[in-house]
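Please read the points below with the model open beside you. Each one takes up a single place in the chain.

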Amino acid sequence: MVKKVDHIGVAVHSIEEVLPFYQETLGLKLEGMETVEEQGVKVAFLKAGETKIELLEPVSKESAVARFIEKRGEGIHHLALAVDDIKMRIHELKEHGIKMIDETPRNGAGGASIAFLHPKAANGVLVELCEKKGGTIS
């Protein structure tokens, strides 16, 4: 059911401040940036082989990413797994007793449909399911 690791989300105070490290030091290519108002974050995607690094900068003090940084500091925020049918996958996980943060998909960056599993379901790791438009995985 999981196609691949789509991206790894990294919470940062400022995308502008950390971009030189990812681009110049690591040599990753910036694929794009956008603000996801629904989640209160600005995101930047960098290509790292078949996987992407998603930098997450809070644009609101009330966003989940802002609370994460306040509590834990900057660092890895989540692991996103690409799936073909997010609604079916959520249903299957719930049937197996997996606690979800999102019981229905919501809008994510790049027009993707996303849903998060509760970290307690994955031994403290925040796991995101990610379905790209048209079911295609990029």
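Helices and strands here are DSSP runs, numbered from the N terminus, with at least four residues for a helix (H or I) and at least two for a strand (E). Gly-73 is placed by these names, in the loop between α2 and β5. The model is a predicted one.

1. Gly-73. This glycine has a relative accessible area of 22% and is partly exposed, because that class lies between under 20% for buried and over 50% for exposed. Along the sequence, Gly-73 and Glu-24 are 49 residues apart. In space, their C-alpha atoms are 23 Å apart.

2. Phe-68. Gly-73 also turns up among the residues touched by Phe-68, not counting those up to four places away in sequence. The others are Ala-11, Gly-75, Ile-76 and His-77. Phe-68 itself is part of helix α2, and with a relative accessible area of 14% it is buried. Its C-alpha atom is separated by 9.9 Å from that of Val-12, a residue 56 positions apart from Phe-68 along the chain.

3. The largest pocket. Its volume is about 750 Å³. Which element gives the most to its lining? The answer is α2, with six residues. The lining has 38 residues in total, and those nearest the centre of the pocket are Val-65, His-77, His-78, Phe-116 and Leu-126. Several strands supply at least two lining residues each, among them β1 (2-11), β2 (29-36), β3 (41-48) and β4 (51-58). The strands β5 (75-83), β7 (113-117) and β8 (127-131) do so as well. Sorted by class, the lining has 19 nonpolar, eight polar and eleven charged residues.

4. Asp-102. Is this residue buried or exposed? Asp-102 is buried, because its relative accessibility is 10% and the limit for buried is under 20%. It is found in the loop between α3 (86-95) and β6 (106-107). Its side chain makes a polar contact of 3.0 Å with the side chain of Arg-106. The side chain of Asp-102 also reaches a backbone atom, the nitrogen of Phe-116, at 2.9 Å. With neighbours within four places in sequence left aside, the residues in contact with Asp-102 are Ile-90, Ala-115 and Phe-116. Phe-116 is also one of the residues nearest the centre of the largest pocket.

5. Gln-39. Arg-106 comes up again here, as one of the residues touched by Gln-39 when those up to four places away in sequence are not counted. Ser-63, Asn-107, Gly-108 and Ile-114 are touched too. Gln-39 sits in the loop between β2 and β3. A polar atom of its side chain lies 3.1 Å from the backbone oxygen of Asn-107.

6. Glu-57. What does the side chain of Glu-57 have 2.8 Å from one of its polar atoms? It is the backbone nitrogen of Ile-15. Glu-57 lies in strand β4 and is a charged residue by class. With a relative accessible area of 16%, Glu-57 is buried. Not counting residues up to four places away in sequence, Glu-57 touches a run of residues that includes Val-12, His-13, Ser-14, Ile-15 and Glu-16. Gly-40, Val-41 and Lys-42 are also touched by Glu-57. Between the C-alpha atoms of Glu-57 and Leu-19 there are 12 Å, and along the sequence these two are 38 residues apart.

7. The aromatic pair. The structure holds one such pair. Phe-21 and Tyr-22 form it, with 5.2 Å centre to centre and 85° between the planes. The pair is edge-to-face, because planes over 60 degrees apart are counted that way. Phe-21 is partly exposed at 41% relative accessible area, whereas Tyr-22 is buried at 13%.

8. Leu-28. Tyr-22 is also in contact with Leu-28, along with Gln-23, Leu-46, Lys-47, Ala-48 and Ile-53, when neighbours within four places in sequence are left aside. Leu-28 is found in the loop between α1 (15-25) and β2, and at 17% relative accessibility it counts as buried. Leu-28 and His-7 are 21 residues apart in sequence, with 13 Å between their C-alpha atoms.

9. Asn-123. This residue is in the loop between β7 and β8. Its phi is near 55°, a positive value in a residue other than glycine. Asn-123 counts as exposed because its relative accessibility is 78%, and exposed means over 50%.

Key: Residues are numbered from 1 along each chain as its sequence is written. This is a predicted model: local features need pLDDT of at least 70, side-chain atom pairs count only at pLDDT 80 or more; totals for chains, interfaces and linings use all residues. Side-chain values use heavy atoms; hydrogens and water are left out. On a 1 Å grid over the protein atoms alone, a cavity is a set of points where a 1.4 Å probe fits but cannot get out, and a pocket is an open set with protein on both sides within 12 Å along at least five of seven lines; lining residues have an atom within 4 Å of a point. Grid points are joined across faces, edges and corners, and a volume is the space filled by probe spheres set on the points. Buried means under 20% relative accessible area, exposed over 50%, partly exposed in between (1.4 Å probe, protein chains only). Rings of Phe, Tyr and Trp (its six-membered ring) pair if their centres lie within 6.5 Å; planes under 30 degrees apart count as stacked, over 60 as edge-to-face and the rest as tilted. A polar contact is a pair of N or O atoms within 3.5 Å; within protein, one must be able to donate a hydrogen and the other to accept it, and residues adjacent in sequence count only if both atoms are side-chain atoms. Contact means heavy atoms within 4.5 Å.
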